[in-house]
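Colleague: I would like to learn how to read the features of a model like this one, step by step. Could we put it in front of us and begin with a single residue?

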Amino acid sequence: MSIGSENWLETEELGKLTKQLADKGTRIFAACANNGHIVFPAAYPWVTGVRYEPGTACLYQEKNSPIGSNLIVGNFTAPVLERLAAENSFFKRRTNSMAAPYALGKMRSKDLTLADLPMWAGCNSPKKVGEWPMPVVALCGPLQQMKELLELLQKESYQAALLTSRSETDLIRMVLYTAFENLSEWIKPLEKAGILLIDAENGLDSIQECADYLIDFRKQNVTAAYREILEFFGTEDMKEKA
């Protein structure tokens with residue numbers, strides 16, 4: 001597949017459909033977004049996300065990538081791409097969408113699994129934590145209330161995510177596990193976030209430089225916090241929803 005969605009509000013239905021296919025034995029290869037944003041279905045753990053990495057060679061496996069890059073493809077070519085490139089210069093450059101069918105063909109022809117591939121050792125250079133491009137809210141208090149706030153924002157069609165070290169990743173709900181030292185790795189994947197929530201219960205000092213606002217659930221309930229966030233960040237349309 002070379003198609004996907006960057007709209008997290010669609011993940012529940014898309015997740016159900018792809019999980020049903022995977023449970024019945026279907027191997028799904030899906031291109032990651034070329035811009036580095038989190039994209040579905042590539043990001044699901046039951047789907048093999050594929051990313052092209054220029055300047056290297058061969059196939060590699062990658063674990064725990066925010067965007068779902070389970071399979072890294074180095075420089076590659078194929079007869080069909082060469083023929084297309086002769087007709088249209090667009091096909092002279094490589095993309096994740098081109099890498100996905102190439103990777104599938106290589107894996108199937110050689111009967112390989114991800115475990116047969118060497119581990120990807122490359123690394124990106126993420127921005128500093130203080131350069132978050134989206135509204136960021138630090139949260140203190142019970143994790144359950146943070147999840148309720150996330151659900152309320154999503155119910156009102158805000159593309160929101162919660163980063164926490166107190167829960168395993170749930171991509172359907174956009175509850176994402178991270179350690180505080182790894183916060184910067186999420187900057188690019190979550191650039192589409194309308195509002196980003198960060199669980200600061202155990203490390204507020206570590207994220208104060210990147211948070212725009214602080215909510216303490218020991219002092220207020222979820223509904224009040226929701227209204228407060230929209231008042232602080234909101235346009236007039238957002239404030240009307242509050």
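Colleague: Does T164 count as buried or exposed?

Modeller: Before the answer, please keep in mind that this is a predicted model, in which local features need pLDDT of at least 70 and side-chain atom pairs count only at pLDDT 80 or more, while totals for chains, interfaces and linings use all residues. Residues are numbered from 1 along each chain as its sequence is written, and side-chain values use heavy atoms, with hydrogens and water left out. Buried means under 20% relative accessible area, exposed means over 50%, and partly exposed is in between, with a 1.4 Å probe and protein chains only. T164 has a relative accessibility of 1%, so this residue counts as buried.

Colleague: Where does T164 lie, and which residues does T164 touch?

Modeller: T164 lies in strand β6; helices (H or I, at least four residues) and strands (E, at least two) are DSSP runs, numbered from the N terminus. Contact means heavy atoms within 4.5 Å, and, not counting residues up to four places away in sequence, T164 touches L143, V175, L176, Y177, T178 and D199.

Colleague: How should I read the sheet, and in which order do its strands come?

Modeller: Strands of a sheet pair through backbone hydrogen bonds, either parallel or antiparallel. Two strands are taken to pair if DSSP finds at least two bridges between them. Here five strands form an open sheet with parallel pairing, in the order β7-β6-β8-β5-β9. Its edge strands, each pairing on one side only, are β7 (175-177) and β9 (213-216), and the twist from one strand to the next averages 25°. Within the sheet, β5 and β8 pair in the parallel sense over four bridges, and V137 has L197 in β8 as its bridge partner.

Colleague: Which helices lie across these strands?

Modeller: Axes are lines fitted to C-alpha atoms, for helices over the stretch in contact, and angles run from 0 to 180 degrees between N-to-C directions. Helix α4 (residues 143-155) lies across β5, β6, β7 and β8 and runs at about 165° to β6. Helix α6 (residues 222-233) lies across β5, β8 and β9, running at about 170° to β9.

Colleague: How do I recognise a nonpolar core, and which residues of the largest one touch the most other members?

Modeller: In soluble globular proteins, nonpolar side chains tend to be buried together. A nonpolar core is here a set of buried Ala, Val, Leu, Ile, Met, Phe, Trp, Tyr and Cys residues joined through side-chain atoms within 4.5 Å. The largest such core has 33 residues, of which W132, L163, L190 and L196 touch the most other members. Two or more residues come from each of β5 (136-140), β6 (160-164) and β8 (195-199), and β5 gives the largest share, three residues. There is also a second, separate core of 20 residues, which includes Y158, A160, L162 and L197. As for L163, its contacts beyond four places in sequence include W132, L176, W186, L190 and L196.

Colleague: How many salt bridges are there, and what does K192 pair with?

Modeller: A salt bridge is a side-chain nitrogen of Lys or Arg within 4 Å of a carboxyl oxygen of Asp or Glu, and by this rule the count comes to eleven. K192 pairs with E6, their closest N and O atoms being 3.2 Å apart. Because K192 lies in the loop between β7 and β8 and E6 in the segment before α1 (11-23), the pair ties together parts that are 186 residues apart in sequence.

Colleague: What do R166 and D199 form, and is each of them buried or partly exposed?

Modeller: The side chains of R166 and D199 meet in a salt bridge, 2.8 Å from N to O. This pair links distant parts of the chain, with R166 in the loop between β6 and β7 and D199 in strand β8, 33 residues apart. R166 counts as partly exposed at 32% relative accessibility, whereas D199 counts as buried at 2%.

Colleague: Where do K19 and D23 lie?

Modeller: Both are in helix α1, four residues apart, which is about one turn of the helix, and they form a salt bridge whose closest N and O atoms are 2.9 Å apart. K19 is partly exposed at 32% relative accessible area, and D23 is exposed at 56%.
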